[in-house]
Amino acid sequence: MNWKQTKTLFIFVFILVNILLVIIYVNKVTKSQINESESDNEVNFQQEEIQVAKDILNKDVSGTEMQMITAKSKNFDSEAENESSLEADDSGYKLNGEIDKTVNVSDSNLSDLKDYIMENIYRGKSYQLGNVTSNTVTYEQTYEGYPLMNNNKARLRFYVDNGKATSYKQTVMNKIEPATSDSNPKKQVITPRKAIETLYFNRYLKSGDQVLDARLGYYSVVRETNVQLLQANWEIKVKHKGKNETKTYYVEATSSNPKVIDN
């Protein structure tokens, strides 16, 4: 190879390397600008004097995809006919049960109650603990690990007297499946920060308010008699300045322009 060819090849390689370096640099600058833009658009809650814990804002939902689902209430008439301690109510869609053995609910882990649910409750594994008061313990039905939130058709509630569960009421949704529609693909859920910012931009959050919790689940947006259409939502609990009660909001979790349901 003569010197001219070597020189030409060297110049070509040099130009190619420089082009690649420019491309890498431009990509880095572009990504940096995007990140800065996203950061600039974030609400500074501390500056707005709105209390939100970092562990609420920073919940990781990367890779979490959800879609609308449909569900149908179960009828308990046949179960009630075969067991004297059970009674069907609400046209058969609610089961009332008497507990004829000691089930303690005094320990913080509710271990006796958990065992009772696993051994005696229809589809007991599909419920998760929702709320505990002095005289009730309430569980919520789940789908793929996410609760069917604030839903009286998907609830298991135990009634407590002197530290012991004495009876319960159960409703449950069967045939839970993705809604049949071409416009119902699984979508990445928005972050809790975006959901809380949606409340802020829609003036549900103001100076002096405190966000107590944000959890992801399914909320019923269409309720017929015994059939429901449920949508992925963020349930956000807020303590408004000067108010004693806690307010609950639901924010669409798979929309780029989420709507708010003021419950």
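**Figure 1. The largest nonpolar core of this predicted model has 34 residues.** Leu-148, Ile-196, Trp-234 and Ile-236 are the ones with the most contacts inside this core. Quite a few pieces of the chain chip in: helix H2 (54–57), strand E3 (69–73), strand E11 (173–178), H5, E13, E14 and strand E15 (246–252) each supply at least two residues. E14 is the top contributor, with 5 residues. Both domain 1 (42–68 + 179–262) and domain 2 (71–177) give residues to this core, so it lies between them. Apart from this core lies another one, made of 21 residues. Phe-76, Leu-113, Leu-156 and Phe-158 are among the residues of that other core.

**Figure 2. A close look at Ile-196 and its helix, H5.** Helix H5 runs over residues 192–201 and is mostly covered, with 7 of its 10 residues buried. Those buried residues are Pro-192, Arg-193, Ala-195, Ile-196, Glu-197, Thr-198 and Leu-199. What does Ile-196 touch, once its neighbours within four places in sequence are left aside? The list is Phe-45, Val-52, Ile-56, Leu-57, Leu-205, Val-211 and Ile-236. Ile-236 also turns up with Ile-196 among the residues that have the most contacts inside the largest core. Just after H5, look for Arg-203, which takes a positive phi of about 65°.

**Figure 3. Arg-215 shares its salt bridges with two glutamates, Glu-140 and Glu-235.** Side chains of opposite charge can pair when their charged atoms come close. Here, the side chain of Glu-140 meets that of Arg-215 in a salt bridge, at 2.8 Å from N to O. This pair links distant parts of the chain: Glu-140 sits in strand E7 (residues 136–143) and Arg-215 in strand E13 (residues 210–223), 75 residues apart. Glu-140 counts as buried, at 11% relative accessibility. The second salt bridge joins the side chains of Glu-235 and Arg-215, at 2.6 Å from N to O. Glu-235 belongs to strand E14 (residues 227–239) while Arg-215 is in strand E13, so this pair ties together parts that are 20 residues apart in sequence. Glu-235 is buried too, with a relative accessibility of 5%. Put the two bridges together and Glu-140, Arg-215 and Glu-235 form one network, joined by salt bridges that share partners.

**Figure 4. Lys-59 reaches the backbone oxygen of Ala-214.** Lys-59 lies in the loop between H2 and strand E2 (65–66). Is this lysine buried or partly exposed? Lys-59 is partly exposed, with a relative accessible area of 31%. Its side chain comes to 2.3 Å from the backbone oxygen of Ala-214. Leaving aside neighbours within four places in sequence, Lys-59 is in contact with Pro-192, Asp-213, Ala-214 and Arg-215. Lys-59 and Arg-215 are 156 residues apart in sequence, yet their C-alpha atoms are 9.3 Å apart in space.

**Figure 5. Asp-90 and Lys-153 pair up between two loops.** Their side chains meet in a salt bridge at 3.1 Å, N to O. Asp-90 lies in the loop between strand E4 (86–89) and strand E5 (94–98), and Lys-153 in the loop between strand E8 (146–147) and strand E9 (155–161), so the pair ties together parts that are 63 residues apart in sequence. The two partners differ in cover: Asp-90 is partly exposed at 36% relative accessibility, whereas Lys-153 is buried at 17%. A search of the whole structure finds 7 salt bridges, and the Asp-90 and Lys-153 pair is one of the salt bridges in the model.

**Figure 6. Thr-142 in strand E7.** Thr-142 counts as buried, at 16% relative accessibility. Apart from its neighbours within four places in sequence, it is in contact with Ser-126, Gln-128, Pro-147 and Leu-148. You have met Leu-148 before, as one of the residues with the most contacts inside the largest nonpolar core.

**Figure 7. Stepping back to the whole protein, with its 5 helices and 16 strands.** Of the 263 residues, 37% are buried. The protein exposes about 16200 Å², and carbon and sulfur atoms supply 48% of that area. Among contacts between residues at least 6 apart in sequence, 58% join residues at least 24 apart.

Methods
Residues are numbered from 1 along each chain as its sequence is written. This is a predicted model: local features need pLDDT of at least 70, side-chain atom pairs count only at pLDDT 80 or more; totals for chains, interfaces and linings use all residues. Side-chain values use heavy atoms; hydrogens and water are left out. A salt bridge is a side-chain nitrogen of Lys or Arg within 4 Å of a carboxyl oxygen of Asp or Glu. Helices (H or I, at least four residues) and strands (E, at least two) are DSSP runs, numbered from the N terminus. Buried means under 20% relative accessible area, exposed over 50%, partly exposed in between (1.4 Å probe, protein chains only). A nonpolar core is a set of buried Ala, Val, Leu, Ile, Met, Phe, Trp, Tyr and Cys residues joined through side-chain atoms within 4.5 Å. Domain bounds come from an automatic or database domain assignment. Contact means heavy atoms within 4.5 Å. A polar contact is a pair of N or O atoms within 3.5 Å; within protein, one must be able to donate a hydrogen and the other to accept it, and residues adjacent in sequence count only if both atoms are side-chain atoms. Accessible areas come from the Shrake-Rupley method with a 1.4 Å probe; for residues, only the protein chains shown count as cover.
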